[in-house]
Amino acid sequence: MTVREGLLHFVLLGILVLLFFVVSDYHDGNWARIMVLAVYAVGYNLLFGYTGLLSLGHALFFATGMYGLALPIQHLGFAPVPAFLSALVCAAVVSSAVGFLALRTSGVAFMIVTLMFAQAGFLLSLYAGRYTRGDEGFVIPQSARIIAGIDFSDPTIRYFAAFFVFAAAYLLIAWLIRTPFGKCLVAIRENEDRARMLGYDVHFHKLVAVILSGTVSGAAGAAYAFLFGYAGATFASVQYSILPLLWVLLGGAGTTIGPLIGTAFAFYLIDFSSDLTTAHLLVVGLAIVLLTLFAPLGLAGEVRKRIVGWLP
Amino acid sequence: MDFGPHLFLAILEGAVTAAVISLTAVGLSLVFGIMRVVNVAHGEFFMLGAVVAWWIATSIGIHPALGFTAALIIAPIAVGAIAALSDRLVLSRLEYDPERTIVATIGLLYVFQQATLMTFGPDARPVEPPFNHRLAIPWIEISESGLNLTWPWGLATTSYKLFVIGAACIIVAALWVFLQRTRFGLIMRATQLDREMATAFGIPVRRVYSVVFALGAALAALGAVLIVPVQQAHYLMGGDPLLLSFIAVIIGGLGSLPGTILAGVIIGMSDGIISVFFSPTLAKILATLLVALVLIFRPQGLLGRAP
């Protein structure tokens, strides 16, 4: 990692800390949500942006993390920390299984297979309605959201918990893509056959990328359930597989700062359009179409192409 | 009701679903086979067909049969025009790149769905069937005194449902003749076989693609117009046909029309039968997993040729 890259990461995270003291309480709440969802986008970006695998089924991993934390708390009386670990383990196991099966296909078939697995997961969360309460979902009581006397439903604590999770995921990926392993992922994205010919184990690298991406997405789901106290089947639906794709496309696939920019942009775009119309997903649809047509590189991607060539 | 009549009823209901799914899936298969585009917005073309049919039927409103006939003609044309327009404005500009078109059609899905929500509203609205006679079905029962003809209570269908099955068969047959026997069908098949060679022979590939995309959407709309008197029009109704026709196209072998039709029939029938006897959610879970596994272990589908 070069000095200017380190500086960029430091400044970005510094801005997020300062933001808490600058903006109003309402926007603090929004930014806590944006940062947790950006973790999801960061996880998605590793697979889509850096490895070049387009998954349409990441909601499965997000929801696995969410239920992996919420169900043990709700039904088995787990404490938050073991519940969070259980979420990570569940997400890692599910993403290993999906990766193992889905990576036997490629291209369009990979998208459909991941979509189908996610759809099966979504239907399963409806089918197991006795425990998950289906679409309606369930609330994690405030009493279960306290670690060592610190109440995580408090807005200030929540903001910095979200910041901590985001910083951890962000720095993990920023570090990973500078390691030889991460560079091999980019090589696979650019030219899979050439990477294979150079002697890299392409399948193994892709599998690890799926597992890492799925686990980070699962961590986002667990953090979301814990910090906002709710788990529901909506988060397993197709829409939540499409959203990270939109965020990463908006922000810039294959850039470290893209996921956060894209998530924040989309969040405020939807927030703004919800005031105008109930059909706010129309804005999502139009944004996707216009992006694929006119800015396939996304905001940070265009900046990298035109102005700052070194942007990681 | 006994098991026998109950199963027969389930098969009849399944046949109606099968007819509609086959039509919708053939549209999806045509687009994938010729254009190599996975059209995620296909279910929304289905939904638009139903909504346009409702709109035509209510605005004509002299006699249900008149409104329905008008809908049967106008709705597919209108939906086809919308599809051709989206092909020109979006897909052709992406050069039909497989991955980018998937993302773009996801966007189109939301645009169509939400635009319908804004104009048509969130309510489910019925269309009156042109004719609807209740037909009781006799059942042969084996008893000690030999074979008896009985009329079990509840074993019945409507003339309209039989019409749906018949109409779907006729449309699929007509499409088959169109593809195999007409000049335009030949052009479409040539484009499917080798796009570059077709261009070299002076076939306007872009225009063919627009027509194919419109035709695929029109088939979905036709299926929707047929089913809307049974099912009601709703802005979210595109999800299930999309999923089921996806399954049909994949199981039948990507791009193989006979395979798609066969798979559409099997999937529609089993969806109807399983939903009657088991939980519909469980049926869908098994179906989606089946698709994923077929794609992984037999990517050419059941009737597709090995690559």
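**Exercise 1. At roughly what angle do the axes of helix H1 (residues 3–22) of chain A and helix H7 (residues 155–176) of chain A cross, and within what distance do they come?**

Before we start, note that this is a predicted model, in which local features need pLDDT of at least 70, side-chain atom pairs count only at pLDDT 80 or more, and totals for chains, interfaces and linings use all residues. Residues are numbered from 1 along each chain as its sequence is written, while chains are lettered from A and ligands numbered from 1 in the order in which they are written.

*Solution.*

Step 1. Find the helices: helices (H or I, at least four residues) and strands (E, at least two) are DSSP runs, numbered from the N terminus.

Step 2. Take the axes, which are lines fitted to C-alpha atoms, for helices over the stretch in contact; angles run from 0 to 180 degrees between N-to-C directions. The axes of H1(A) and H7(A) cross at roughly 170 degrees and come within 11 Å.

Step 3. Name the arrangement. Therefore H1(A) is roughly antiparallel to H7(A) (angles under 35 degrees count as roughly parallel, over 145 as roughly antiparallel, 65 to 115 as roughly perpendicular and the rest as oblique).

Step 4. Look for contacts, meaning residues whose C-beta atoms, placed from the backbone, lie within 7 Å. On the H1(A) side you find His9(A), Leu13(A), Leu16(A), Val17(A) and Phe20(A), and they meet Tyr159(A), Phe163(A), Ala167(A), Leu171(A) and Ala174(A) of H7(A).

Step 5. Sort them by class: the contact of H1(A) with H7(A) has 9 nonpolar residues, 1 polar and no charged. Here Ala, Val, Leu, Ile, Met, Phe, Trp, Tyr, Cys and Pro count as nonpolar, Asp, Glu, Lys and Arg as charged, and the others, Gly among them, as polar.

**Exercise 2. Describe how H9 of chain B packs against H2(B) and against H1(B).**

*Solution.*

Step 1. Start with H2(B), residues 42–60, and H9(B), residues 239–251: their axes are 8 Å apart, at an angle of about 135 degrees. H2(B) is therefore oblique to H9(B).

Step 2. Add the handedness: H2(B) passes H9(B) in a right-handed crossing. A crossing is left-handed if the near helix is turned anticlockwise from the far one by less than a right angle, and right-handed if clockwise.

Step 3. List who meets whom. From H2(B) come His42(B), Gly43(B) and Phe46(B), which meet Gly239(B), Pro241(B), Leu242(B) and Ser245(B) in H9(B). This contact has 3 nonpolar, 4 polar and no charged residues.

Step 4. Turn to H1(B), which packs with H9(B) at an angle of about 65 degrees, with axes 8 Å apart. H1(B) passes H9(B) in a right-handed crossing. Residues of H1(B) in the contact include Ile21(B), Leu28(B) and Phe32(B), and those of H9(B) include Pro241(B), Leu244(B) and Val249(B). By class there are 9 nonpolar, 3 polar and no charged residues in the contact of H1(B) with H9(B).

**Exercise 3. How many residues of chain A are in contact with chain B, and which element gives the largest share?**

*Solution.*

Step 1. Count both sides: 32 residues of chain A are in contact with 32 residues of chain B.

Step 2. Find the elements of chain A that give two or more residues: helix H5 (108–127), H11 and helix H13 (281–294). The largest share, 13 residues, comes from H5(A).

Step 3. Sort the chain A side: 25 nonpolar, 6 polar and 1 charged residues.

**Exercise 4. Follow H4(B) to its end and describe Phe120(B).**

*Solution.*

Step 1. Check the length. The 23 residues of H4(B) should span 33 Å at 1.5 Å a residue, and its end C-alpha atoms are 32 Å apart, which agrees. The expected span is 1.5 Å times one less than the number of residues.

Step 2. Place Phe120(B): this residue is in H4(B), residues 98–120. Phe120(B) counts as partly exposed because it has 19 C-beta neighbours inside 10 Å (buried means 20 or more other C-beta atoms within 10 Å of a residue's own, exposed 12 or fewer, and partly exposed in between, with C-beta atoms placed from the backbone).

Step 3. Look for partners: not counting residues up to four places away in sequence, Phe120(B) touches Val51(B) and Tyr235(B).

Step 4. Move just past H4(B), where Gly121(B) takes a positive phi of about 90 degrees.

Note on methods:
Two residues are in contact if their C-beta atoms, placed from the backbone, lie within 7 Å.
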